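User: I've got this model open and want to know what the labels on it rest on. Can you take me through the reasoning, label by label?

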Amino acid sequence: MRLGSFQMRILLWTWALLLAVLGVIFFYSTSVVEKELVADIEIRSKSEIESIKWLIRDHAAFADERDFSEWVDAFGYSLGSRITYIADGRVVADSDVQFGDLGDLDDHSARPEVVAALEHGWGANVRRSDTLGKDMLYVASKMEAASGVPEGVIRLAVSFSTVSERLALLRRNILWIFVATFGAALVLSLIMSNNMTREIRSFSALAESIGRGEYSRRLRRVPGGEFKPLAESVNAMAQSIERSMRIVHDQKGQLQAIFQGMHEGVLTLDGEGRIESFNPALDEMFNMPESSKGRTPIEVSRRFEIQDLVDSILADPGEGSRSVQIDLLDDRTVEVKAETYQDQNGVRKIILVFHDITEMKRSEKGLRDFVANASHQLRTPLTSIKGYTETLIDMPPADPEAARGFLETVLKNADHMDKVISSMLALAKSEQMGKRLELKPVSGREHLSRAVDDLTPWASERSITFETRTPEGEMMVMGETDGLLHVFHNLINNAVKYSPDGGRITVSAEDDGESIVFCVEDQGPGISRELSTKVFERFYRVDENTIDGSGSAGLGLAICRRIVKNFGGEIWHDGYGEDIRGARFCFRLDKPA
Ligand code: ADP
């Protein structure tokens, strides 16, 4: 129990009150008893004095003062009290003093009881007797002259020490009773206040444990009486706090998971534009050091565009989001969007979201390039067709052979356009297909053989031969029939197209356990290292202006790449081995699980 605590204060007040009440009772009761005792003795003494007075009056006349003194001595002795007779201040008789010694006594006229008796007929006084050396009650009564005794005052002295002793005993007893009462009250009040504060302590213990985060704690023993509604409210409050904290915790967890797992980089800044937190995606974009927190965005990212954005918000924190696009060193483009929010203290903070828009920009650019390339691919033959047709109309050649030559050129260009458009449609289809393609096991051997068979007549025309090197079996891979045939067709078609007459085309396959790698190798001019990836781009042709009637628009390998990607595989040019003379295209497809 601490000094100054609620319990201590209640106890101190209770004890002080109790002491005050007991003190008042003590002093009041003892003074009442004292007064009663004195009054009782006074009454008894008075009646005794009256009796003495009556006896004096009734006595035959005393011979002289000695006679009277001796009578007083005898009577005082039998009464057990001191009787004194004073006339004009002189002690005429005193039962406790020999007649011969009376002359030694001092004048008694100034004694308070004597003065009172002379004035009012009666007087009483309690004081210490010098003669007897103890407390005495003196009661005096005026007496007229009688039986030879002169007028004077008769006084009775009663020992007061018995009264004082009784009073002292009474005081002692009452004091003991009060001490016992106070002690019992002390113990009882301690027990009671302990009980009371135990309940209060259990409330504060619950509040403390909730403060520590133990939201499931409750007051198990609900105290009765006045505390019951309070305890029930506290329990209800704890339950509602637990529920709210669980919701907050869940939401925090969700936000944390979103924050950690989202693809976009997120950076939160405090009211002064200093970094508070960031997520792994942002770390991946800018390689943020752990010490980034508390620093400004420019110190960490070295991008003034981001700092400008933040500064503009700090200078004018109006509503609405703002954004900026920045190009990163690794060729990625990021759009930074800034939003502001107010925290619980009313401080306006900033959240920056970094959205990687590289793919979007790339596809935008791809679309633009595609349209430009497609127009270019179609315009060249179209211009040619238009030119020849106008010539045929305006200035038809006289020679029918020449006219036929013109028309053959027109037809060749029209065929080229037809093939370009077919290729474009095939590419578009393969790009579309990728989104909803259902892969199934297909035979690599069957499709490879069909493609070789289809192109053998054309190859034979130029004495080109095929060599096939494949493992045993069906060579099953995950894919789709039309697509796989298209890839083999395209690669073998190119090989034939670029092979010198009499050349040899090697078609091979290799099983590496999980996948099969198919390769088509020719003895043509090959492809330089710098162009080995470019040849897979749409509309890329080594000599792009050539129109050879083959419909070559630089889309064949782009379509192959798209189809192989759709099948979950990869395609590449690999024609740089020592024994390779021409081009060698390979692609890998997974075997069924
Ligand atoms: P196309 O449909 O015009 O043949 P491709 O996409 O199939 O276009 O090929 C792109 C370019 O790659 C061709 O223009 C050609 O220059 C080059 N190429 C493709 N295959 C071979 C090969 N086997 N040998 C040499 N060059 C090739």
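User: Why is Ser-147 called buried?

Analyst: Its relative accessibility is 14%, and the cut-off for buried is under 20%, so Ser-147 makes it into that class. Bear in mind that this is a predicted model. Ser-147 sits in the loop between β4 (134–143) and β5. Its phi is positive, about 50°, although the residue is not a glycine.

User: Which residue in the loop between β8 and β9 has a positive phi, and is that residue buried or exposed?

Analyst: That's Asp-331, in the loop between β8 and β9, with phi near 70° in a residue other than glycine. Its relative accessible area is 63%. Exposed means over 50%, so Asp-331 is exposed.

User: How do you know that Asp-356 and Arg-332 form a salt bridge?

Analyst: The N to O distance between their side chains is 3.5 Å. The limit is 4 Å, between a side-chain nitrogen of Lys or Arg and a carboxyl oxygen of Asp or Glu, so this Asp and Arg pair meets it. Asp-356 lies in strand β10 (residues 348–356) and Arg-332 in the loop between β8 (322–327) and β9 (333–342), so the bridge ties together parts that are 24 residues apart in sequence. Salt bridges with shared partners also join Glu-284, Asp-330, Arg-332 and Asp-356 into one network.

User: What makes Arg-332 buried and Asp-356 partly exposed?

Analyst: Arg-332 has a relative accessible area of 16%, and under 20% is buried. Asp-356 comes out at 23%; partly exposed runs from there up to the exposed limit of over 50%, so Asp-356 gets the in-between label.

User: What makes Glu-50 and Lys-53 a salt bridge, and how far apart are they in helix α1?

Analyst: Their side chains meet at 3.6 Å, N to O, and the cut-off is within 4 Å, so the pair counts. They're 3 residues apart in helix α1 (residues 6–58), which means a separation of about one helical turn. Glu-50 is partly exposed at 33% relative accessible area, whereas Lys-53 is buried at 7%. As for why such pairs form: side chains of opposite charge can pair when their charged atoms come close.

User: How many salt bridges does the structure hold?

Analyst: It holds 30. Another one of them joins Glu-214 and Arg-217 at 3.5 Å, N to O. Glu-214, at 33% relative accessibility, is partly exposed, and Arg-217 is partly exposed at 35%.

User: Why are α4 and α5 called roughly parallel?

Analyst: Helix α4 (residues 161–211) and helix α5 (residues 227–261) pack at an angle of about 10°. Angles under 35 degrees count as roughly parallel, so that label fits the pair. Their axes are 11 Å apart.

User: Which residues of α4 and α5 meet, and what classes are they?

Analyst: From α4, the residues include Met-196, Phe-203 and Ile-210; from α5, they include Phe-227, Leu-230 and Val-234. By class, the contact has 11 nonpolar, 1 polar and 1 charged residues.

User: How do you know that the length of α5 agrees with what a helix should span?

Analyst: At 1.5 Å a residue, its 35 residues should span 51 Å. The end C-alpha atoms of α5 are 49 Å apart, which agrees. Ala-231, Val-234, Asn-235, Ala-238, Glu-242 and Phe-259 are buried in α5, and what covers the buried residues includes α4, β6 (265–269), β7 (275–278) and α6 (280–286).

User: What makes Ser-45 buried, and what does it touch?

Analyst: Ser-45, in helix α1, has a relative accessible area of 1%. Buried is under 20%, so Ser-45 qualifies. Leaving aside residues up to four places away in sequence, Ser-45 touches Leu-137, Val-139, Leu-156 and Val-158.

User: And why is Gly-152 called buried?

Analyst: Gly-152 has 6% relative accessibility, and under 20% is buried, so the label holds. Gly-152 lies in strand β5 (residues 152–159). Beyond residues up to four places away in sequence, its contacts include Tyr-85, Ile-86 and Ser-141. Gly-152 and Glu-364 are 145 Å apart in space, C-alpha to C-alpha, and 212 residues apart in sequence.

How values were computed:
Residues numbered from 1 in each chain as written. Predicted model: local features only at pLDDT ≥ 70, side-chain atom pairs only at ≥ 80, totals over all residues. Heavy atoms only, no water. Helix = DSSP H or I, 4+ residues; strand = E, 2+ residues; numbered from the N terminus. Buried < 20%, exposed > 50% of the residue type's maximum accessible area, 1.4 Å probe, protein only. Axes fitted to C-alpha atoms, helices over the stretch in contact; angles between N-to-C directions. Parallel < 35°, antiparallel > 145°, perpendicular 65-115°, else oblique. Contact = heavy atoms within 4.5 Å. Nonpolar A, V, L, I, M, F, W, Y, C, P; charged D, E, K, R; others polar. Expected span 1.5 Å × (residues − 1).
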